[in-house]
Amino acid sequence: MFNSIALVGGTHGNETSGIQLIKNWQKHGIPEQFQALNISLHIANHAALNANVRFVEEDLNRQFTLNGLASSNSSKEALLARTINAQLGPKGASNTDFVIDIHNTTSEMGATLIILEADEFHVQLARYVKKHMPEANILVEDEKPFLEHGYLCTTGKRGVMIEVGGQPQGVLREDVYLLTQTMAEVILAFCLAYNQNTIEADSLPPCEAFRLGENISFPLDENGQRTAMIHHALQDADFEPLVPGMPMFRTFDGRDITWQGEHETYPHFINEAAYFKLDVAFATAEKITL
Ligand SMILES: [Zn+2]
């Protein structure tokens with residue numbers, strides 16, 4: 001039963017879709033059909049939003065580990081994380097039943113629902129979202145227990161992320177905004193149905209999903225400088241199969257570097273701008289059924 005739902009935008013200050021959705025619902029009210037739900041609306045990082053940057057000192061969406069919250073780190077975002085944790089959490093003994101945190105990506109990932117557990121509840125949610133929004137992608141990041149993630153949404157008893165792209169940082173695109181709004185509304189409709197006990201797990205057809213694999217780095221030279229860029233055949237091909245032998249990088253001296261994995265993989269976060277400093281080129285995933 002969901003008695004309290006927190007909908008969050010602006011965890012990253014230059015991801016505009018969630019920020020705009022929160023502002024619009026604060027101004028005009030949450031859509032009528034969700035009045036029965038107890039939904040609170042939050043902008044997480046006002047300072048980053050005002051500066052139109054992802055974060056001021058540290059990535060807020062990595063600060064919510066139990067160790068991080070208990071540490072003496074005094075960066076702006078570490079302090080903000082403790083304030084948010086007091087408001088929405090406390091993590092591990094939360095007063096919020098469900099935290100939905102809205103993000104954008106510069107990658108062509110469409111509307112992606114990121115779930116951190118593949119238990120019965122999340123399988124039902126994934127199937128429901130896929131049924132009502134067939135164009136949605138479901139990404140499962142359950143490589144570690146829910147509470148070990150540093151994500152803001154883990155302050156709730158349950159938490160998920162909406163990740164929509166491609167949209168440049170600081171830019172608001174209508175198509176991406178509408179996908180964001182639709183996915184938020186479908187998740188809230190699921191919450192309503194869940195509360196009313198009208199969801200029968202077996203009535204929802206199994207759905208396709210992607211389970212996170214590993215991050216693939218750009219090739220670097222001995223000075224840490226990139227020697228290649230994403231190959232044009234891979235660019236914007238998020239969640240499409242990358243088969244062994246297919247090109248993934250084009251070196252600056254004109255050679256192709258191909259995928260040498262044993263199996264096909266499903267790249268996503270391809271050329272994500274926020275991973276620039278990490279030199280992450282994309283993440284891999286395997287296709288699964290939930
Ligand atoms: Zn983000």
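These are legends for a set of close-up views of a predicted model.

**View 1. The zinc ion and its protein donors.** Here's the metal site of the model, with the zinc ion held by H12 through ND1, by E15 through OE twice, and by H103 through ND1. These donors sit 2.0 to 2.4 Å from the zinc ion. If you're after the geometry, the four donor atoms make angles of 57 to 151°, and the site is irregular. A site of four donors would need all its angles between 85 and 135 degrees to be called tetrahedral. Bear in mind that water is not among the atoms, so a site may look incomplete.

**View 2. Where the zinc donors come from along the chain.** Written as a sequence pattern, the donor residues of the zinc ion read H-x2-E-x87-H. E15 belongs to the loop between β1 (5-9) and α1, while H103 belongs to strand β3 (residues 98-104), so this pair ties together parts that are 88 residues apart in sequence. As for solvent, both E15 and H103 are buried.

**View 3. Helix α1 crossing helix α6.** This one zooms in on α1 (residues 16-28) and α6 (residues 174-195), whose axes come within 9 Å and cross at roughly 65°. The crossing of α1 past α6 is right-handed. On the α1 side, the contact is made by S17, G18, Q20, L21, N24 and W25. On the α6 side, look for V176, Y177, T180, Q181, A184, E185 and L188. Sorted by character, the residues of this contact between α1 and α6 come out as six nonpolar, six polar and one charged.

**View 4. V164 in strand β6, with its neighbours.** V164 is found in strand β6. With a relative accessibility of 0%, V164 counts as buried, because the cut-off for that is under 20%. Once neighbours within four places in sequence are set aside, V164 is in contact with H103, N104, T105, G110, A111, V176, L179 and T180. Some names here turn up in other views: H103 is one of the zinc donors, and V176 and T180 are among the α6 residues that touch α1. For a far-off reference point, take Q124: V164 and Q124 are 40 residues apart in sequence, and their C-alpha atoms are 21 Å apart in space.

**View 5. Two cis peptide bonds.** The peptide bond joining G89 and P90 is cis, with omega at about 0°. P90 is in the loop between α4 (76-88) and β3. The peptide bond from G165 to G166 is cis as well, and there omega is near 5°. G166 is in the loop between β6 (158-165) and α6.

**View 6. Positive phi at F269 and D279.** Which residues in this loop have a positive phi although they are not glycines? F269 has a phi of about 50°, and D279 has a phi of about 55°. F269 lies in the loop between β10 (256-258) and β11 (280-289), and D279 lies in the loop between β10 and β11 too. Buried or exposed? F269 is buried, at a relative accessible area of 8%, and D279 is buried, at 17%.

**View 7. T284 and what surrounds it.** T284 is part of strand β11. Its relative accessibility is 5%, so T284 counts as buried. Leaving out neighbours within four places in sequence, T284 is in contact with R211, L212, G213, E214, I216, W259, T265, Y266 and H268.

**View 8. Two exposed positions, A86 and H232.** A86 sits in helix α4 and counts as exposed, at 60% relative accessibility. Computed along the chain, so to speak, A86 and T155 are 69 residues apart, yet their C-alpha atoms are 9.0 Å apart in space. H232, in the loop between β8 (228-230) and β9 (247-251), is exposed too, with a relative accessible area of 61%. H232 and E135 are 97 residues apart along the chain, and 23 Å separates their C-alpha atoms.

How values were computed
Residues are numbered from 1 along each chain as its sequence is written. This is a predicted model: local features need pLDDT of at least 70, side-chain atom pairs count only at pLDDT 80 or more; totals for chains, interfaces and linings use all residues. Side-chain values use heavy atoms; hydrogens and water are left out. Axes are lines fitted to C-alpha atoms, for helices over the stretch in contact, and angles run from 0 to 180 degrees between N-to-C directions. Helices (H or I, at least four residues) and strands (E, at least two) are DSSP runs, numbered from the N terminus. A crossing is left-handed if the near helix is turned anticlockwise from the far one by less than a right angle, and right-handed if clockwise. Contact means heavy atoms within 4.5 Å. Ala, Val, Leu, Ile, Met, Phe, Trp, Tyr, Cys and Pro count as nonpolar, Asp, Glu, Lys and Arg as charged, and the others, Gly among them, as polar. Donors are N, O and S atoms within 2.8 Å of the metal (3.2 Å for Na, K and Ca); water is not among the atoms, so sites may look incomplete. Four donors count as tetrahedral if all angles lie between 85 and 135 degrees; four count as square planar and six as octahedral if opposite donors are over 155 degrees apart and all others between 65 and 115; anything else is irregular. Buried means under 20% relative accessible area, exposed over 50%, partly exposed in between (1.4 Å probe, protein chains only).
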